[in-house]
Amino acid sequence: MRRIMLFRIGGGDVQLPRLIGAFLLFAALILFVRAGAQMFDSWDALKSYPDCIASIGSENDTVAQLRYIDCKDSLAKITGLQLKGDQDRISSRQFWFALLGPIANLFLWAVVFLLGMVLYKTGNIVIPIEQSIKEIPEQKPAKPQVKKK
């Protein structure tokens, strides 16, 4: 025999989870857009860094060195990627390291948005749980044995 029990989380008169869910939805939406902008900004900085270095040329004067430092500093401020001493090329490991952080941040805020959606819809969530019941035949109690002396 099977029996299905339905558990309802929250109710029509419970407003606190909905309020928390609404705040989470709003904050996650704003931070999701911010993480998307940061992701595209990191992508642009990583793609424009070789052009910035190439525009300097092979000059050895002070202006060229300042432009080289400026290119490295702007890359570091946007992506958080610190290049070594005279490194003028980004390795593929560094490229993906700098790009996967903002992508992971984007997915994090998408998950928080879904969590906020669950909290906002608490009055409508119904969880079905199936319960199986086995009928066990009753056994007759054993008669106590009396010991003879």
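Where is the place of R67? Select R67 to find out: R67 sits in helix α2. Helices here are DSSP runs of H or I with at least four residues, strands are runs of E with at least two, and both are numbered from the N terminus.

**Before you go on**

This is a predicted model, in which local features need pLDDT of at least 70 and side-chain atom pairs count only at pLDDT 80 or more, while totals for chains, interfaces and linings use all residues. Residues are numbered from 1 along each chain as its sequence is written, and side-chain values use heavy atoms, with hydrogens and water left out.

**Stop 1: the whole chain**

Show everything as cartoon. The protein has three helices and two strands. From the N terminus on, they run β-α-α-α-β.

Switch to a surface. The protein exposes about 12,000 Å², and carbon and sulfur atoms supply 63% of that area. Accessible areas come from the Shrake-Rupley method with a 1.4 Å probe; for residues, only the protein chains shown count as cover.

Of the 149 residues, 22% count as buried. Buried means under 20% relative accessible area, exposed means over 50%, and partly exposed lies in between (1.4 Å probe, protein chains only).

Now turn to contacts, meaning heavy atoms within 4.5 Å. Among contacts between residues at least 6 apart in sequence, 76% join residues at least 24 apart.

**Stop 2: R67 and I56**

Return to R67. R67 counts as partly exposed because its relative accessible area is 37%. Beyond residues up to four places away in sequence, R67 touches S55 and I56. Measure from R67 to I53 next: their C-alpha atoms are separated by 8.3 Å, and the two residues are 14 apart along the chain.

Add I56. Not counting residues up to four places away in sequence, I56 touches A64, R67, Y68 and C71.

**Stop 3: the core**

Which residues have the most contacts inside the largest nonpolar core? Select L46, Y49, I53, I56, L75 and L81. This core has 14 residues. Helices α1, α2 (62–79) and α3 (92–120) each give two or more residues to this core. The largest share, five residues, comes from α1. A nonpolar core is a set of buried Ala, Val, Leu, Ile, Met, Phe, Trp, Tyr and Cys residues joined through side-chain atoms within 4.5 Å. In soluble globular proteins, nonpolar side chains tend to be buried together.

**Stop 4: K72**

Stay in helix α2 and pick K72. Is K72 buried or exposed? K72 counts as buried, because its relative accessibility is 14%. Outside residues up to four places away in sequence, K72 touches Y49, L83, K84, G85 and Q87.

**Stop 5: helix α3**

Select α3 and check its length. At 1.5 Å a residue, its 29 residues should span 42 Å. The end C-alpha atoms are 42 Å apart, so the two values agree. The expected span is 1.5 Å times one less than the number of residues.

Colour the buried residues of α3: Q94, F95, A98, L99, P102, L106, V112 and G116. What covers them includes α1 and α2.

Zoom in on Q94, in α3. Q94 is buried because its relative accessible area is 7%. Leaving aside neighbours within four places in sequence, Q94 is in contact with L81, L83, Q87 and R89. L46 lies 48 residues from Q94 in sequence and 9.8 Å away in space, C-alpha to C-alpha.

Move along α3 to G116. G116 is buried, with a relative accessible area of 0%. Leaving aside neighbours within four places in sequence, G116 is in contact with G21, L24 and L25. G116 and F26 are 90 residues apart in sequence, yet 8.7 Å apart in space, C-alpha to C-alpha.

**Stop 6: helix α1**

Cross to F40, in α1. F40 is exposed, because its relative accessible area is 53%. The C-alpha atoms of F40 and I103 are separated by 9.5 Å, with their positions 63 residues apart along the chain.

Finish at L16, in α1 (residues 16–56). L16 counts as exposed because its relative accessibility is 55%. Add L19, I20 and F23: with L16 they form a nonpolar patch on the surface. Together the four have about 410 Å² of accessible area. Patches are made of residues with over 30% relative accessible area and no salt bridge; like charges are joined within 9 Å, nonpolar side chains (Val, Leu, Ile, Met, Phe, Trp, Tyr) within 5 Å. A salt bridge is a side-chain nitrogen of Lys or Arg within 4 Å of a carboxyl oxygen of Asp or Glu.
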